[in-house]
Amino acid sequence: MYSTLKMLHHYWAYLVLFMIVVATFNAVYKTMTKKEYEARDFRMSLFTLIVSHIHLLIGLVLWFAADYFSEMSMGEIMKNATMRSNVVEHPVAMILAVALITIGYSKHKKKLTSTNKLKSIAIFYSIALVLVLAKIPWKAWLNL
Ligand code: HEM
Ligand code: HEM
């Protein structure tokens, strides 16, 4: 169970990162060049939202399945950089990133002009992207 979840979280992350990068660059580019908001912008931001929500769910189940606290106390976890990242830093940052994507997506739907719609996505998805890039455990991810 745990290894299946870990594998799912490992591979699904490629899709998540790819979609956040694509949707962010698309929105930033179209905001700066004052392009029209089109159906494909909507689909792109929605697909990014969906894959990141699925990833959030996988991450949460993985976190609970790991049952970290059965083996270590909170004090021991905080003293170990890898454990602190897995148990605290990575989940907190990523939950925040997915929340920002959700807020950006919801805000963009309510805006009425192309520029405002694209700007909402551009701002919120960009901050989410920075957080995700900062808190992916790159060594563990790319060495597997
Ligand atoms: C831990 C699991 C999840 C949490 C906490 C969560 C939370 C949320 C929240 C807070 C919203 C925003 C509602 C709004 O203001 O409009 C939302 C929207 C959405 N979620 Fe999730 N979600 C989760 C899992 C999923 C999964 C597994 C999927 C897809 C299979 C999904 C698909 C969506 C979609 C499509 C929307 C946006 C609908 C729309 O406004 O067009 N979510 N979710
Ligand atoms: C956009 C969101 C996220 C991305 C892109 C992401 C990405 C990753 C990546 C690439 C790894 C390394 C996987 C490996 O190769 O073994 C990882 C590990 C992990 N993630 Fe996430 N993650 C996200 C959200 C979350 C969330 C919301 C949680 C929990 C609430 C979570 C919990 C974990 C845990 C516990 C590990 C360590 C697994 C282990 O080594 O045992 N992740 N994540």
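## Helices and the overall fold

A helix here is a DSSP run of H or I at least four residues long, numbered from the N terminus. With that in hand, His-53 is found in helix H2. The model is a predicted one, and its protein chain has six helices and zero strands. Going along the sequence, the pattern reads α-α-α-α-α-α.

As for overall dimensions, the C-alpha atoms fill a box of roughly 55 × 25 × 25 Å along the principal axes. The chain has 144 residues, and 39% of them count as buried. Take the contacts between residues at least 6 apart in sequence: 74% of those join residues at least 24 apart. The accessible surface comes to about 8,600 Å², with 71% of it belonging to carbon and sulfur atoms.

## Two iron sites

Start with the iron atom of ligand 2. Its protein donors are the NE2 atoms of His-9 and His-90, lying 1.9 to 2.0 Å away. The two histidines bring together distant parts of the chain: His-9 sits in helix H1 (residues 2-32) and His-90 in helix H4 (residues 81-110), 81 residues apart. Six donor atoms surround this iron, with angles of 88 to 179 degrees among them, and the site is octahedral. For reference, the ideal angles for six octahedral donors are 90 or 180 degrees. His-9 and His-90 are both buried.

The iron atom of ligand 1 has only one protein donor, and that is ND1 of His-53, at 2.1 Å. This puts H2 on the list of helices with an iron donor, since His-53 is found there.

## Nonpolar cores

The largest nonpolar core takes in 24 residues, and the ones that touch the most other members are Leu-17, Ile-20, Ile-101, Tyr-125, Val-132 and Ile-136. Two or more residues each come from H1, helix H2 (39-66), H4 and helix H5 (114-135). A second, separate core has five residues, among them Ala-66, Ile-77, Met-83 and Val-87. In soluble globular proteins, nonpolar side chains tend to be buried together.

Ile-136 is worth a look for its partners. Setting aside residues up to four places away in sequence, Ile-136 touches Leu-17, His-90, Met-94 and Trp-141. One of those, His-90, is also a donor to the iron atom of ligand 2.

## Helix H2 and Ser-45

H2 runs to 28 residues and reaches 40 Å from its first C-alpha to its last, close to the 40 Å expected at 1.5 Å a residue. Its buried residues include Asp-41, Met-44, Ser-45, Thr-48, Leu-49, Ser-52, His-55, Ile-58, Gly-59 and Leu-62. What covers the buried residues of H2 includes H1, H4 and H5. After H2 comes Asp-67, which has a positive phi, near 50 degrees.

How accessible is Ser-45, and what does that make it, buried or exposed? Ser-45 counts as buried because its relative accessibility is 1%, and the cut-off for buried is under 20%. Leaving out residues up to four places away in sequence, Ser-45 touches Tyr-105, His-108, Ile-121 and Tyr-125.

## Helix H5 and Phe-124

H5 has 22 residues and spans 32 Å from first C-alpha to last, close to the 32 Å expected at 1.5 Å a residue. Among its buried residues are Ser-114, Lys-117, Leu-118, Ile-121, Phe-124, Tyr-125, Ala-128 and Val-132. H1, H2 and H4 are included in what covers the buried residues of H5.

Phe-124, in helix H5, has a relative accessibility of 19% and therefore counts as buried. Not counting residues up to four places away in sequence, Phe-124 touches Leu-100, Ile-103, Gly-104 and Lys-107. Phe-124 and Trp-63 are 61 residues apart in sequence, and their C-alpha atoms are 25 Å apart in space.

## Phe-69, in a loop

Phe-69 is found in the loop between H2 and helix H3 (74-79). With a relative accessibility of 43%, Phe-69 counts as partly exposed. Beyond its neighbours within four places in sequence, Phe-69 is in contact with Trp-63, Met-74, Ile-77 and Val-87. Ile-77 and Val-87 also belong to the second core. From Phe-69 to Ser-126 is 57 residues in sequence and 34 Å in space, C-alpha to C-alpha.

Definitions and conventions: Residues numbered from 1 in each chain as written. Chains lettered and ligands numbered in written order. Predicted model: local features only at pLDDT ≥ 70, side-chain atom pairs only at ≥ 80, totals over all residues. Heavy atoms only, no water. Donors = N, O, S within 2.8 Å, 3.2 Å for Na, K, Ca; no water. Tetrahedral: all angles 85-135°; square planar, octahedral: opposite > 155°, others 65-115°. Buried < 20%, exposed > 50% of the residue type's maximum accessible area, 1.4 Å probe, protein only. Core = buried A, V, L, I, M, F, W, Y, C linked by side-chain atoms within 4.5 Å. Contact = heavy atoms within 4.5 Å. Expected span 1.5 Å × (residues − 1). Areas by Shrake-Rupley, 256 points an atom, 1.4 Å probe, with all protein chains shown as cover.
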